[in-house]
Structure formats: structure tokens, C-alpha cells
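Student: I am new to this structure and would like to find my way around. Could you go through it with me?

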Amino acid sequence: MNTNLKLGWIGLGNMGNPMVRNLLKAGFKVAVYNRTKDKETPLIEAGAIPATSPQELMENCDVIVTMLSNDAAVKEVFESKSGLLSKNNSEKIIINMSTVSPETSRYLAMISKKHQIGFIDAPVSGSVKPAQEGTLVIIVGGNPETFDLVKPIFNVLGKISIYVGVAGVASSAKLAINYLLGLHLQGLAETILFAENNGVSKENMLSIVNEGACANGISKIKSTSILNDSFPAAFALKHLVKDLKLAKDAGLDAPLANPLLESYSKALNEGLGEDDVMAIIKSLKGI
Ligand code: NAP
């Protein structure tokens with residue numbers, strides 16, 4: 001594996017932190033930048049090099065990855081005064097792994113190209129556990145030759161990289177899979193509450209789900225938090241609301257799309273945005 005590429009990483013939240021750890025373990029040199037500095041400390045202790053700005057990463061690294069909250073954060077990191085595109089640094093590659101709109105991905109590809117910088121759109125499916133285990137599903141858009149150059153990075157972070165087309169298409173695919181995620185979790189929460197209201201314990205109902213044909217990866221992952229009634233964020237509920245809104249803006253017009261967005265938005269307005277997305281069950285229960 002080519003670990004000679006010097007990597008820069010921006011965004012050390014729930015996802016960025018374990019992803020950088022895996023790259024360090026695999027032998028990559030990784031420089032890191034996070035807006036809130038104390039999140040850099042554990043990774044510096046694990047061998048990462050601190051950077052004072054996105055611009056500094058751009059100057060010193062071959063490939064820079066962004067893993068940030070939303071469209072506004074990514075655009076700010078690209079375009080601010082000390083941002084990725086603030087100086088001439090042609091021939092570098094930027095990979096955006098944050099979930100953003102297809103429109104933003106196309107825009108980022110366009111402004112990168114103007115600076116002669118390669119751009120790859122690579123959102124991921126899978127939450128903190130797959131990020132820790134290096135088993136994310138990486139959805140890739142952009143120039144296929146640029147993808148080949150950065151594939152060694154994806155081989156560490158995920159179990160598969162699926163190339164889907166030009167920049168923007170990967171973001172569309174990511175919004176589609178998160179629509180399904182929202183449906184699954186809403187369905188699971190409604191099912192458990194309906195059963196409980198009719199005398200079936202959540203323990204028994206989760207066993208019926210998880211031992212039968214309706215089981216899936218996410219029902220198994222979220223069972224512990226439902227049983228313990230505890231929802232520390234792996235995937236914050238606010239991020240799913242963002243993604244459902246982006247999907248709507250990108251043209252999602254399906255019978256369940258609007259009620260789903262309304263349900264998660266209600267949970268957000270009730271103060272559950274920083275909790276895990278499975279906290280939708282608290283909102284449905286009346287908190
Ligand atoms: P997170 O824990 O909320 O972390 C967000 C990161 O973005 C933090 O490093 C934060 O910096 C940074 N940030 C936010 N606004 C910024 C700004 N204006 N300038 C600079 N940095 C800024 O999010 P996450 O769970 O890691 O998710 C990251 C992305 O991956 C999101 O797009 C999310 O939708 C997507 N995603 C998440 C999951 C998941 O399960 N968590 C799964 C797949 C995809 P601070 O530390 O300073 O706040």
C-alpha cells in the first residue's frame with residue numbers, strides 16, 4: 001500500500017477522529033486541523049501533526065480530506081481567508097467525505113478545478129463503529145484517475161469504495177441511503193412503541209425483529225440504546241434532519257419523505273438534535 005502520500009485532515013468529530021486513527025495505524029503521515037483545538041490532542045498523542053489552518057495543510061500535504069458538519073462548514077473551509085483555496089497550491093487533491101448537497105459537491109469540484117486541484121466527492125455510509133473498524137462503505141464521485149490515486153486511503157477507511165460517477169452523484173447516492181436510514185429508524189421506533197403499548201416488552205419485540213427477516217444491520221446496532229433508553233450521538237439527529245432537507249431540495253418527492261422530515265424536525269425542535277438519531281423514539285413517545 002502506498003503510505004507515502006502526506007495527508008491533511010480537517011474535522012475531528014465523531015467520524016473524523018476514528019478515521020484518522022486508522023490512517024495513523026496503517027502508517028500514513030497525517031496532519032490534522034480542527035476548529036476546536038482540544039479535539040486534536042488525542043490524535044497528536046497518537047502521532048498526528050498539528051496544523052494551524054486549512055491553508056497550512058494545503059501547503060504541506062498531497063491529499064487533504066474534509067469531514068465536516070454540513071455544506072456551510074465545508075464551503076467555509078474551502079473559501080475562507082486561510083482556507084484550502086486561499087493560496088496557489090495546484091496539483092493537490094481534496095476529498096470531501098462530509099455529507100453535503102449534490103449541488104455543493106459540483107460547486108466544490110468546479111472551484112477546485114479553477115485552482116488546478118483534483119476533487120473527489122466521497123461521502124460514507126456507516127457510523128462510528130464502522131469508522132472505528134475501518135469498514136465504512138465509501139461512495140465515490142469525481143475523476144476516475146484521481147480516484148485511483150487516493151484509493152489506498154479508502155482501502156484503510158472502508159471495506160469497499162463504490163465509484164458512482166462525476167462529482168455530485170456520490171452525494172445524491174448518500175442522500176438516498178440516508179433516506180432509507182431515516183425510514184428504518186422511524187419504522188423501528190414506531191414498531192417498538194406500538195408493541196409496548198399493547199403489552200409486549202421492548203426486549204421481546206427487539207428479539208422478534210432481530211431474529212426474523214425484518215432484522216437489519218441498523219436494527220441490531222441501535223437495539224442496545226433502545227433497551228437502555230440512552231442515546232449518546234454516533235450519528236447526531238441534527239445531521240439526519242440536514243440530510244433529509246438536502247434530499248428534499250435535491251428532488252426527493254415520495255409519499256413518506258415529507259412526514260419523515262416532519263417527524264425528525266419535531267424531534268430536533270424538542271431539543272434532541274445532539275442526541276443519536278435513534279432518539280426519534282423519545283420524541284414519538286412524547287419524551
Ligand atoms: P460531528 O461530530 O458533528 O463533527 C463535525 C465536525 O465539523 C467537527 O470537527 C466540527 O468542528 C467541524 N465543523 C463544523 N462547523 C465548522 C466550521 N464552520 N468550520 C470548521 N469546522 C467546522 O459530525 P460527524 O458525525 O463527525 O459527521 C461529519 C459528517 O459526516 C457530516 O456531514 C455527517 O452528516 C456525515 N456522516 C456522519 C455519520 C455519523 O454516523 N456520525 C455517518 C456518515 C456520515 P468543532 O469540533 O470545532 O465543532
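What follows is a set of questions and answers about this predicted model.

Student: Let's start with the overall layout. Which domains is the protein chain divided into?
Tutor: Keep in mind that the model is predicted. UniProt, in an unreviewed entry, lists residues 6–165 as "domain: 6-phosphogluconate dehydrogenase NADP-binding". Its annotation "domain: 3-hydroxyisobutyrate dehydrogenase-like NAD-binding", also from an unreviewed entry, covers residues 168–283. The division of the chain itself gives domain 1 (6–166) and domain 2 (173–285).

Student: How much helix and strand does the span 168–283 have?
Tutor: It helps to look at the other annotated span as well. Residues 6–165 are 40% helix and 26% strand, with end C-alpha atoms 26 Å apart. In residues 168–283 the end C-alpha atoms lie 33 Å apart. That span is 72% helix and 0% strand.

Student: What area is buried between domain 1 and domain 2?
Tutor: The centres of the two domains, taken over C-alpha atoms, are separated by 28 Å. Across the boundary, 14 residues of domain 1 are in contact with 12 residues of domain 2. Carbon and sulfur atoms give 67% of the buried area, which is about 990 Å².

Student: Now the strands, please. Which residue in β4 stands opposite L7?
Tutor: Begin with the pairing of β1 and β4, which run parallel and are joined by four bridges. Strand β4 is made of residues 63–66. Opposite L7, in β4, stands V63.

Student: Are the faces of strand β4 covered or open, and which residues show this?
Tutor: In a regular strand, side chains alternate between the two faces of the sheet. On one side of β4 are V63 and V65, and on the other are I64 and T66. Both faces are covered, as shown by four buried residues: V63, V65, I64 and T66.

Student: Through which helix does the chain cross from β4 to β5?
Tutor: β4 pairs with strand β5 (residues 93–96) in the parallel sense, over four bridges. One bridge brings together V65 and its partner in β5, I95. The β-α-β crossover between these two strands is right-handed, and it passes through helix α4 (residues 71–79).

Student: And which helix lies on the way from β5 to β6?
Tutor: β5 and strand β6 (residues 118–121) run parallel and are joined by four bridges. I93 stands opposite G118 in β6. This β-α-β crossover is right-handed too, and the helix on its path is α5 (residues 102–114).

Student: Do β6 and β8 run parallel or antiparallel?
Tutor: Strand β8 covers residues 136–142, and two bridges join it to β6. The bridge partner of I120 in β8 is G142. The two strands run antiparallel.

Student: Why does G11 count as buried?
Tutor: G11 has its place in the loop between β1 (6–10) and α1 (16–25). Leaving aside neighbours within four places in sequence, G11 is in contact with G16, Y33, N34, M67 and L68. Buried means under 20% relative accessible area. G11 therefore counts as buried, at 4%.

Student: Is E40 buried or exposed?
Tutor: E40 sits in the loop between β2 (29–33) and α2 (41–45). Beyond its neighbours within four places in sequence, E40 has contacts that include L12, V32 and Y33. With a relative accessible area of 4%, E40 is buried.

Student: Which residue does UniProt list for "active site"?
Tutor: The residue is found in helix α8 (residues 169–197). Its contacts, leaving aside neighbours within four places in sequence, are T99, P123, V124, S125 and I139. It is buried, with a relative accessible area of 6%. The unreviewed entry in UniProt lists K174.

Student: What is the phi of D229, and where does D229 lie?
Tutor: Most residues other than glycine have a negative phi. D229 is partly exposed at 46% relative accessibility, and its phi is positive although it is not a glycine. Its phi is about 50 degrees, and its place is the loop between α10 (217–228) and α11 (237–249).

Student: What phi does I287 have?
Tutor: I287 lies in the segment after α13 (280–285). I287 is exposed, with a relative accessible area of 54%. Although I287 is not a glycine, its phi is positive, at about 55 degrees.

Technical notes: Residues numbered from 1 in each chain as written. Predicted model: local features only at pLDDT ≥ 70, side-chain atom pairs only at ≥ 80, totals over all residues. Heavy atoms only, no water. Buried < 20%, exposed > 50% of the residue type's maximum accessible area, 1.4 Å probe, protein only. Contact = heavy atoms within 4.5 Å. UniProt positions renumbered as here; feature names shortened; annotations may be inferred. Pairing = 2+ DSSP bridges. Right-handed = clockwise from strand over helix to strand, strands pointing away. Domains from an automatic or database assignment. Buried area = accessible area lost by both parts, 1.4 Å probe.
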